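Please look over the sequence and the structure below before reading on. The report that follows takes up chain B, one of its sheets and its contact with a neighbouring chain.

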Amino acid sequence: MVNESFLQIENVLFTVTMLLYFAAMIIYFVFVAAQKEKLARIAVILQGAGFVLHTIALITRGIGAGRLPLTNQYEFATSFAWGLCLVSLVFVLRYKFNVLGTFAAPVIFLIIGYAAMQSKDVHELMPALRSNWLGFHVSTAIIAYGGFGVSFVLGIIFLLREYMKDQSFLDRHVPSKEKLDLIGYRSVALGLLFLTFTILTGAIWAERAWGSYWSWDPKETWSLITWIIYSIYLHLRIRRGWSGKAAAIFAVAGFIAVLFTYIGVNTLLPGVHSYA
Amino acid sequence: MQFAIGLLLVLTAACTVGSVITQGQSYEAYAKLYGERWAGAIMALQLDDLFHSWWFILLSAFLCLNLLLCNLIRMPSIIRIMKREADPAASVGKTGNVSVAGIRDVDGFFKAMGFSKILSGDRKDLGGLNESREPDEAAGTSKDESLSGAAAETAGPDERKGSFRFSVRNTAGLWGAWVCHLGILLLILGFGLGQATKQEYTVYGLPGDSMPVGDTGCVLTIDSFEVGLREDDTVEQYTAGITVRRPSDGALESAEISVNNPASIFGMRYYQNSTGWAADIHITKNGEPLQDDVIYAGDYVRVADMPDLVIYLNAFYPDYVLGESGPMSISSSPNNPAYLYSVYYKNQMLGMNALLQSEELTIDDYTVTFGNPRNYTLIQVKRDRFTFLALIGGLVVMLGLILAFYLQEARMWAEQESDGTWTVHAISRKGGVLFGDRFRETAEKYL
């Protein structure tokens, strides 16, 4: 049963979240442009506040819709932004790497902006979606996409690192290439682990819903393609000379496959996931 | 590995093509979409059924072979590395990727770095192993400078005295890629064997109908079928009650199946797959009853005494209205049923129209009426003996990834100096500079 008052609250929370993410993005930029270190802390706090409100917004929508808010383009896009925000915050705090936030914030804002353009209408679930596996399947996908999103951002930072002059402000705030490469690897590892979990839970669910755990549906196929691309990334890293710049380029390219799996497949390639 | 990477790239390209080209279409359909030349190429290269084509299966077989050989080749070296890395004699006396001198609380430092099982002893007890040591192969890690600036040199045989500490952790992580490969192998094997040996049937009918389930010998009876609607007319659930009889021993088993809730009966899985509309068709000839039958939407009925005359039910509209774009239904309840039919005689279409429930269709001496529309159920029946293998494969892949990514093998050892302090070394295979940073930061507290 849809509860309109909760959905209205969610709408307000979503808007405030967007504003906080936007403010965080601007302050992150000013932090780099004006080279004022204190601003980084403010930006992280704003992003964190946005994340908290975003979490409350998702919970409110879940209550309002009477189900997990993970079943249409709007819900998945806002959850995708939430996942990317979560993973980027974890990486910013864990590795004390505020510049990551500078590059992640625009991506988060773009994704939540995409969500804002989608229909927020709540529709009842079709029978195939009425499953406990929905939560496992989609929530793991959100973390996976978040991990890959961070690896994409790290890949870009790695490539830009080449042009940073020694002793510059950025040079002091951006980890060494070796460290960037390792952090990038860890974000891909997180993404790949959760993508595997996503595919596995999706297969178990598909077996129950459609009688076939793998039927080469475009979404399934593109999840596999994404999985293989990041597997190639991991294999190439083991080979000498393929860590560093080449790995960074691969991480950036890999995220294009992630975005296509998320948006492109749903809009361009019809299949059983077309509702998502 | 080059071959494996090449293979993965080709598989990626193949999957991309398979997702872009709609699968399972006819030559004519492809010709309409892409032109005749491309349609010919699609059919010749089996791109219309790419994932079941001989070359895609061959690529998958190559991948399996590659995974198998990779694992067979790597297994002895992993065991060798595991043994060596657990042996303090292979590390003590050598320089780690990171080193620090002047540690006072060595056990505290080890524990703070996550090394709980600490081996202690006297260096002289390590025997002469130090001299025959191979160069350390801490793959993926780089030499790091020591914290104190006084880099520890490899100890010579005459320096082999004093106490040592040694600990190794997460050696199971060395098996990560191996386990992951094994999982993929099991997964592909389970999927391939399942595809090759699966039994799959589709049956459909109305409550009360009984039908054989393919060549299994079992007979399925549909006891009930219900389409659960919400207040807004959307479907909440499709639920069918079924009974399966096994004639060989007369055993009967009943179950209720719905979307996401299949049932296993006599080794087969029964899935509530789909639904559609069916109706009674009543045919009279010159006013005399001739034929009563059930007709399904999308199916046809031949007139009993004139088989060349065929009534085809193109579509059913439960709540019929004639909209701007043609006939449509404004709800899924049969408030105003209408039947879109076409009539064929000797494969030539005679006509097509929509007939309301109360209306009659007259074809020469024959009069046709439709009535009693109701939902039929379509049930998928399947047996795949290798699903469990694919599932185990998937779980093993997960385990392998967790081992590879989150159990990072590392060693730490310490040698006591003459002043009572310790020089501590460490190597982490995948931790790299991040491990080094942590090592240095932690060491500060124990100097």
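## Chain B and its contact with chain A

In this predicted model, buried residues account for 32% of the 447 residues of chain B. The chain holds 8 helices and 21 strands. Its radius of gyration is 36 Å, well over the 22 Å that the globule rule gives for 447 residues, so chain B is more spread out than a compact globule. Taken along the principal axes, the box filled by its C-alpha atoms is roughly 120 × 50 × 50 Å. Of the contacts in chain B between residues at least 6 apart in sequence, 65% join residues at least 24 apart.

An open sheet in chain B is formed by 4 strands in the order S12-S13-S16-S17, with antiparallel pairing. Strand S12 (300-303) and strand S17 (348-356) stand at the edges with a single partner strand each, so one side of each is left without a neighbour in the sheet. From one strand to the next, the twist averages 25 degrees. Within this sheet, strand S13 (residues 306-317) and strand S16 (residues 338-345) of chain B pair in the antiparallel sense over 8 bridges, and B:Leu313 has B:Tyr341 in S16(B) as its bridge partner.

The contact between the two chains draws 40 residues from chain B and 37 residues from chain A. Among the elements of chain B that each supply at least two residues to the side touching chain A are helix H1 (2-20), strand S7 (235-246) and helix H8 (432-444), and H1(B) gives the most, with 10 residues. The table divides that side of chain B by class.

| Class | Side of chain B that touches chain A |
|---|---|
| Nonpolar | 22 residues |
| Polar | 13 residues |
| Charged | 5 residues |

Methods
Residues numbered from 1 in each chain as written. Chains lettered and ligands numbered in written order. Predicted model: local features only at pLDDT ≥ 70, side-chain atom pairs only at ≥ 80, totals over all residues. Contact = placed C-beta atoms within 7 Å. Nonpolar A, V, L, I, M, F, W, Y, C, P; charged D, E, K, R; others polar. Rg over C-alpha atoms; globule rule 2.2 N^0.38 Å. Buried ≥ 20, exposed ≤ 12 C-beta atoms within 10 Å, placed from the backbone. Pairing = 2+ DSSP bridges. Axes fitted to C-alpha atoms, helices over the stretch in contact; angles between N-to-C directions.
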